[in-house]
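Colleague: I'm new to this one. Could you walk me through how to read it?

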Amino acid sequence: MATKVQKTGVKREKGWLYYLDKKGNVSRARMARGGGKPARGRPQEATKAGVKREDGWLYFIDKQGDVSRTKMARRGARGKGPARRRTVRRTARRATPKRATARRRTARKSTRRVARRR
C-alpha cells in the first residue's frame, strides 16, 4: 500500500507523463502516444516538491496529484545483497546421435545401389 510523502495537488493534463525527477520535484514530459502532437522539447518542472528519496522505495505521482511511495518488490530475502540468478548448465545434444545418422547414410546408399543393378 502506498503512503503519501508530500501533498502537491498537481492538476494533470492529457498527453503528459508526470514523474518525480532527480531533484525531488514533480516534472512532466510529453507522451509519445498521448494524443495530439508528437513528443518534442525537454521535460518541464510542474511544481517544486523537494522530496528526499530513500533506497528501496518507488516514488510516483498518485491520482490526486500528490507524491506517494511504496516499497519496491524485490526477489529473495531482503538485506542479503543482490539476488543471484540460478543458471542451469545444459549440454548440447544432437537430435540424433552421430552413429545413427551414419547408419542411415550407408543404408540409403546400399538401397540405391541395389535399385540400379536391377
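**Reading the sheet and the chain**

Modeller: Let's start with one pair: Tyr18 stands opposite Arg28 in E3. This is a predicted model, where local features need pLDDT of at least 70 and side-chain atom pairs count only at pLDDT 80 or more, while totals for chains, interfaces and linings use all residues. Residues are numbered from 1 along each chain as its sequence is written, and side-chain values use heavy atoms, leaving out hydrogens and water.

Colleague: How many bridges join E2 to strand E3?

Modeller: Two strands pair if DSSP finds at least two bridges between them. Here 5 bridges link E2 to E3 (residues 26–30), and the two run antiparallel.

Colleague: In what order do the strands of the open sheet lie?

Modeller: The order is E2-E3-E4, with antiparallel pairing. E2 (16–20) and E4 (44–47) are at the edges with a single partner strand each, so one side of each has no neighbour in the sheet. From one strand to the next, the twist averages 35°; axes are lines fitted to C-alpha atoms, and angles run from 0 to 180 degrees between N-to-C directions.

Colleague: How many helices and strands does the protein chain have?

Modeller: Helices (H or I, at least four residues) and strands (E, at least two) are DSSP runs, numbered from the N terminus. The protein chain has 1 helix and 6 strands, in the pattern β-β-β-β-β-β-α.

Colleague: What percentage of the residues count as buried?

Modeller: Buried means under 20% relative accessible area (1.4 Å probe, protein chains only). Of the 118 residues in the protein chain, 21% meet that description.

How values were computed: Buried means under 20% relative accessible area, exposed over 50%, partly exposed in between (1.4 Å probe, protein chains only).
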